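Please open the model in your viewer and keep the selection tool at hand. The stops below say what to select next and what is there.

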Amino acid sequence: MNSIQQISVFVENETGKLAELTRLIGDAGIDLCALSLADTRDFGILRIIVNKPEETCTLLSDNGWTFKITPVIGVKVPDVPGGVAGILAALSDANVNVEYMYAFVNRTPGEADTIFRVDDEETALAALQNAGIEILKPEEAYGI
Amino acid sequence: MAKYWNADIECMSREDMKKLQSERLVKQVKHVYENVPYYRNLMDEKGVTPDDIQSVDDLHKLPFLSKADLRDAYPYGLLAKPLSDCVRIQSTSGTTGRRVVAFYTQHDIDLWEDCCARAITAAGGTNEDVCQVCYGYGLFTGGPGLNGGSHKVGCLTLPMSSGNTERQIQFMRDLGSTILCCTPSYAAYIGETLHDMGFTPDDIKLKAGIFGAEPWTEEMRRSIEKSLGIKAYDIYGLTETSGPGVSFECEEQTGMHINEDHFIPEIIDPDTGEVLPDGTVGELVFTSITKEAFPLLRYRTRDLCVLSRKKCSCGRTLIKMTKPMGRSDDMMIIRGVNVFPSQIETVLIEQGYSPNYLIEVDRVNNSDTLDISVEMSAEQFSDKMKDIQDKEKQLAGAIKTMLGISPKVHLVSPKSITRSEGKAVRVIDKRKLHD
C-alpha cells in the first residue's frame, strides 16, 4: 500500500520563519491537514501533511526551503482510555521502534488520528493489521 | 600557443636574475633615499647609506616597512615621484584601520599589467580567449589589474566587475567566456548559481579561472574546478606592491611563481625580523625594485608562507611561494590557541560540507566561545532531530581534532549564509566590539 507522505521542513530558529513558511503554503491554496513542530535551540523541523504533497514540494523547492519527504503511518485511534496504549503495545510486541508521533483532529467524532514515524514500516503495518487496528489511507490523511 | 609571456625573464638563469635584481635594487635604493624622506630617516636611524647596498646580498641591511608606516605616512609620505608624474591611485579596503593609498606612474601601470599578463598566459590565455573579469573595479586593484593584463594578452575582455550573478552567467554563455577572474568565494558562488539556473559546466566554455585576493584552500580549489569544469589558478598580490600579479600559478598548481624581476621576496621570522632560509615558514617581505611612484623596500606583508626554488615542470625559474597559510592578522587567538579560518574550511570540505560558513567568536564570562555556522545540503538534512545533532557533534569533533579547541557547530539551511561578491566575510569577532 502507499504510505502517507509527510513533508519535513527545516526551519531556522529565527523570528517570523514559521509564519513565512505557513503563509507561503496558505497563499498557494494548500491545506495543512496535520502538523507538528520539533525544535532545538538552533532550529526546528516542521512536519506537515497536506492535501497536495507534490505541489507543496515544488513550492518549497522553488522558494529555497530545505525539506525531505518522509513516509509515515497514520492510524485511526479509538477515542477511549487506552486507545493509544493498545497501538503502542502492538508495535512494541513486534519490536518496532517509534521515532516520533503526533495526533491530529479527525472529522469523524469519536476518533483521533495519529501519525507514527517508525524505524521499520513494513513490520509495523503488519503488526497493526494483525491487531485489527485501522490504518489511514493516504487520501484519508490528506483530507481528500 | 605561447607558453610564457616573457620567456627571457620567466626562465632566466638564477645567476642572471640575481644580477638583474642587484642592478635594479642598487638603483632603487638611491631613488628612494633621495626622494622619500620618511624612508631616508629609517635608513639614517639604522646607519645604512645607499652605498652599503651593492647587491641583493645586502638587502637584509635595509630597514623594514610595515602597514603602520603606511598609515603614519598617509597619504603622500612614501611617494617617490612628483604627483605630476603620477596617473592613478588604487587603495585597500581599509578594514584594518586607515586605508592604504598607492600611487602609480604610467610606467608602474605598464609593469603591473605585464605581471598580470604573465599570470593569464600561465593559465593558458592567448588572444583567442574571452576573459571575464568579475573582480571589483574601482579603488580595489583586482579589476583594473586583471583587466589590464587581459588587454595586454589580447583577450576579448569582459569588464563585468562583481555582482549580478545571473547576468554574469548570461554573458558567460552568450559570449563564450573561457577565462574567469574573480575572488575564489565569488567563483564558488557563480558555480552554485550556474547549477541553480539548471546549467552544468557543459553549458559554458570556461576552461580556466584566475582567483585571488583572499585565502582559499586546496579543497575549495577542487570544489570550484568541479562545479565550473575548469582548472583554477591562484594569483597573489597586494595593493602596497601594485596589486594582483606579484605572483601567479602555472599548470603545476604547486605554488605561485613570484615576478622576482620586480619584487624581491624574503621570508623572515615575524618576531625577530631575522631572514630565514628557503623552505621555512615565515612572514613574506617584498622589495619593489622597479616601481617608480610608490616603491616600498622590505615591506612586511604579514602573510605567512614558504619560498621554494625547487625546479618547476613548467620551465619557469622564478622562485615559488606557497599559498599564504593565513595572514598574521587573519589569525584569531581563541582560548590561547592560534586559529586560522582556512583550517576550519579544510575540515568542512573534507567532511563534505559547503565552503559557506561563518565563524563567530565571542567572550562569555571571560571565556572565549567559537560558534561555526555551516550550510547543509538538502541531502544532508534529515527529518530526525537526532541525525542533525549527531552531524553537528561529528563535525565539531573533527574541528576539535584540527584546532585543539571545541567549537559549537550549527548546521543551517542552504543559502542562508550571505554570499560574497568580493572578499568573503567569514569571521565575526565580537570580542573586538566589546573592547
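Begin by selecting helix α11 of chain B (residues 385-403), which lies across β1, β2 and β3 of chain A and runs at about 150 degrees to β3(A). Helices (H or I, at least four residues) and strands (E, at least two) are DSSP runs, numbered from the N terminus; angles run from 0 to 180 degrees between N-to-C directions, and axes are lines fitted to C-alpha atoms, for helices over the stretch in contact. This is a predicted model, in which local features need pLDDT of at least 70 and side-chain atom pairs count only at pLDDT 80 or more, while totals for chains, interfaces and linings use all residues. Residues are numbered from 1 along each chain as its sequence is written, chains are lettered from A and ligands numbered from 1 in the order in which they are written, and side-chain values use heavy atoms, with hydrogens and water left out.

Next, select the strands of chain A, which form an open sheet of 6 strands in the order β2-β3-β1-β4-β6-β5, with antiparallel pairing; two strands pair if DSSP finds at least two bridges between them. Because β2 (32-39) and β5 (98-105) of chain A each have a single partner strand, they stand at the edges, and one side of each is left without a neighbour in the sheet. From one strand to the next, the twist averages 35 degrees. Helix α1 of chain A (residues 17-27) packs on this sheet, touching β1, β2 and β3 of chain A, and its direction makes about 140 degrees with that of β1(A); contact means heavy atoms within 4.5 Å.

Now narrow the selection to β1(A), residues 4-12, where 8 of the 9 residues are buried, that is, under 20% relative accessible area with a 1.4 Å probe and protein chains only (exposed is over 50%, partly exposed in between). Antiparallel to β1(A) runs β4(A), residues 67-78, joined to it by 6 bridges, and there A:I4 has A:V72 as its bridge partner. Strand β3(A), residues 43-50, also pairs with β1(A) in the antiparallel sense over 6 bridges, with A:G44 opposite A:V11. Moving to β5(A), you will find 7 bridges to the antiparallel strand β6(A), residues 111-118, where A:R117 is the bridge partner of A:Y100.

Turn then to chain B and select B:Y39, B:L62, B:F286 and B:M321, which touch the most other members among the 50 residues of the largest nonpolar core. Such a core is a set of buried Ala, Val, Leu, Ile, Met, Phe, Trp, Tyr and Cys residues joined through side-chain atoms within 4.5 Å. Elements of chain B that each supply at least two residues of this core include α2 (14-35), α5 (106-122) and β11 (282-288). What is B:L62 in contact with, leaving aside its neighbours within four places in sequence? Its contacts are B:V29, B:Y39, B:M43, B:K46, B:V48, B:I53, B:L297 and B:R298. Apart from this core lies another, of 29 residues, among them B:I344, B:L348, B:I399 and B:V409.

For the last stop, select the open sheet of 3 strands in chain B, which has the order β10-β11-β12 and antiparallel pairing. Its edge strands, β10 and β12 of chain B, each pair on one side only. Between β11(B) and β12(B) there are 4 bridges, and B:Y299 in β12(B) stands opposite B:F286.
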